[in-house]
Amino acid sequence: MTDQSTVPDTAAPVTPSPTDPLWVERTGNRTYRGHTARGASVEIGPVEAGAVFTPGELLKVALAACAGMSSDTKFARVLGEAYEAVIRVEDAKDLQEDRYPVLTERFEIDLSGLDEATRNKTLLLAQRSIDRACTVGRTLKAGALVPPAVFEQPAPDEAQGDTEDAAS
């Protein structure tokens with residue numbers, strides 16, 4: 001473990017956002033598959049669809065992962081690279097307004113081996129890193145604008161499938 005009193009207060013670097021396209025494709029009644037151009041995918045749908053994430057769950061998972069990634073260096077410096085953490089965002093949905101009024105990140109992380117001063121400084125630096133580098137949290141706190149959806153006809157080659165590949 002490192003003595004945090006000698007470690008400079010450097011915030012986590014802000015990670016550039018990938019410019020790869022993101023999209024979802026309909027897979028069935030109210031179910032979709034989300035994609036990145038890097039090859040990642042996730043199943044999305046209502047709870048009744050089974051082993052899928054709901055959009056609200058994806059929002060919560062994104063917030064938790066972003067907080068974890070933003071604070072990772074601070075905790076690893078003090079606890080070691082192999083430290084374990086679980087981050088939960090369990091706040092309830094306001095069903096009448098169909099939104100989450102509060103999203104609290106709850107870290108489950110063992111800091112019992114740290115003295116009080118090191119523990120307090122580590123938590124302060126971790127929170128500073130989250131506040132500076134967690135894009136999801138910063139976006140939510142700033143109240144991102146969500147303009148009306150844009151509806152377009154698919155490009156001709158997308159509407160009929162890739163006929164060149166089908167012929168091969």
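**Reading a predicted fold and its core**

Q: Which pattern does the protein follow along the sequence?
A: Read from start to end, the protein follows β-β-β-α-β-β-α-α-α-α. Helices (H or I, at least four residues) and strands (E, at least two) are DSSP runs, numbered from the N terminus. This is a predicted model, where local features need pLDDT of at least 70, side-chain atom pairs count only at pLDDT 80 or more, and totals for chains, interfaces and linings use all residues. Residues are numbered from 1 along each chain as its sequence is written, and side-chain values use heavy atoms, with hydrogens and water left out.

Q: Which residues make up the largest nonpolar core?
A: A nonpolar core is a set of buried Ala, Val, Leu, Ile, Met, Phe, Trp, Tyr and Cys residues joined through side-chain atoms within 4.5 Å. Buried means under 20% relative accessible area, exposed over 50%, partly exposed in between (1.4 Å probe, protein chains only). Here the largest has eight residues: F75, A76, V78, Y83, I109, L111, L114 and A126. Helix α1 (residues 55–79) gives the most to this core, three residues.

Q: How many aromatic pairs are found in the whole structure?
A: Rings of Phe, Tyr and Trp (its six-membered ring) pair if their centres lie within 6.5 Å; planes under 30 degrees apart count as stacked, over 60 as edge-to-face and the rest as tilted. The search finds two pairs. F75 and Y83 are tilted, 6.0 Å centre to centre with 55° between the planes. F75 and F107 have centres 5.9 Å apart and planes at 45°, so that pair is tilted.

Q: Is F75 buried or exposed?
A: F75 counts as buried because its relative accessibility is 3%.
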